[in-house]
Amino acid sequence: MIFGTPVRCYVYVDKYNALKGHTSYMMEHPEEYEALTNREKNWYQAKFGYFVLIANYLKTPSQMLDEYFCRTNIETAFKTDKEYLKLLPLCKWSDLTVRGKILSDVIDSILRSKIQQIRKGSVYSLSAMIGKCQSLMCFRDKNSEQVYVEVANKQVRTCYEELGVTVPQKIDLKSYMTDLFDQNL
């Protein structure tokens, strides 16, 4: 209970940050590290990646982490917007530029939300799924207006299958654009 409100604590260890912090500590304090007991060394392997999420509602740990990382992704998008606008020369700050960036991020947030709904029960986290789905390289042949998609590995195919999408070997841009506009009319 915090201030009379029942809460739940979700403990998480970010393995990447834990390993990074542990390695840095070992390099910067070799004598101290050698003097630690095995139990203390085990703690140091997790210490730098350890954090607790506190909520006043019940969710599974997986759902809680997805919600946390989804929110941090949205916060990162808006932070990126601010940084993007700061980097632009003042003469490029036009109504169109700012609105375009905001629209792009709103679309990104909507797509993340839709993917989040589709992937409920998936073995992949939202971040892993987005990473795997973005990993396909495409090459455009300007002469034929074809986009060739690399052959997806098993993990990438599984992600796309969970989203109900078949990965094509190639895309004819003219046909794609025609189909896209016909569907929206």
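**View A. The largest nonpolar core in this predicted model.** Ten is the count to keep in mind here: the core is made up of 10 residues, namely Tyr-124, Met-129, Cys-133, Leu-136, Val-149, Ala-152, Val-156, Cys-159, Tyr-160 and Leu-163. Two helices each put in at least two residues, helix 6 (126-133) and helix 7. Of these, helix 7 gives the largest share, with three residues. As general background, nonpolar side chains in soluble globular proteins tend to be buried together.

**View B. The two sides of helix 7.** Zoom in on helix 7, residues 154-162, and you'll find Val-156, Cys-159 and Tyr-160 as its buried residues. Look down the helix axis and these buried residues sit within an arc of 95°, so they line one face of the helix. The usual helix arithmetic is handy here: with 3.6 residues a turn, residues three or four places apart point the same way in an α-helix. Flip over to the face turned away from the buried side, and the exposed residues there are Lys-154 and Glu-161.

**View C. Where helix 7 starts, and what comes just after.** At the start of helix 7, Asn-153 offers a side-chain oxygen that comes to within 2.9 Å of the backbone nitrogen of Val-156. Val-156 also turns up in the largest nonpolar core and among the buried residues of helix 7. Just after the helix, check the backbone torsion of Gly-164: phi is positive there, at about 75°.

**View D. A nonpolar patch on the surface.** Now for the outside of the model: Ile-2, Phe-3, Val-11, Val-13, Trp-43, Tyr-50, Val-52 and Ile-54 form a nonpolar patch, and together they have about 810 Å² of accessible area. Strand 1 (8-13) and strand 2 (50-55) are the elements that give two or more residues to it. Strand 2 brings the largest share, three residues.

**View E. Two patch residues up close, Val-13 and Tyr-50.** Val-13 belongs to strand 1, while Tyr-50 lies in strand 2. How accessible is Val-13? Its relative accessibility is 32%, so Val-13 counts as partly exposed. Tyr-50 comes out at a relative accessible area of 40%, so Tyr-50 is partly exposed too. If you'd like a distance to put on the picture, take the C-alpha pair of Val-13 and Gln-45: the two residues are 32 apart in sequence and 9.9 Å apart in space.

Key. Residues are numbered from 1 along each chain as its sequence is written. This is a predicted model: local features need pLDDT of at least 70, side-chain atom pairs count only at pLDDT 80 or more; totals for chains, interfaces and linings use all residues. Side-chain values use heavy atoms; hydrogens and water are left out. Patches are made of residues with over 30% relative accessible area and no salt bridge: like charges are joined within 9 Å, nonpolar side chains (Val, Leu, Ile, Met, Phe, Trp, Tyr) within 5 Å. Accessible areas come from the Shrake-Rupley method with a 1.4 Å probe; for residues, only the protein chains shown count as cover. A salt bridge is a side-chain nitrogen of Lys or Arg within 4 Å of a carboxyl oxygen of Asp or Glu. Helices (H or I, at least four residues) and strands (E, at least two) are DSSP runs, numbered from the N terminus. Buried means under 20% relative accessible area, exposed over 50%, partly exposed in between (1.4 Å probe, protein chains only). The arc is that of the directions from the helix axis to the C-beta atoms. A polar contact is a pair of N or O atoms within 3.5 Å; within protein, one must be able to donate a hydrogen and the other to accept it, and residues adjacent in sequence count only if both atoms are side-chain atoms. A nonpolar core is a set of buried Ala, Val, Leu, Ile, Met, Phe, Trp, Tyr and Cys residues joined through side-chain atoms within 4.5 Å.
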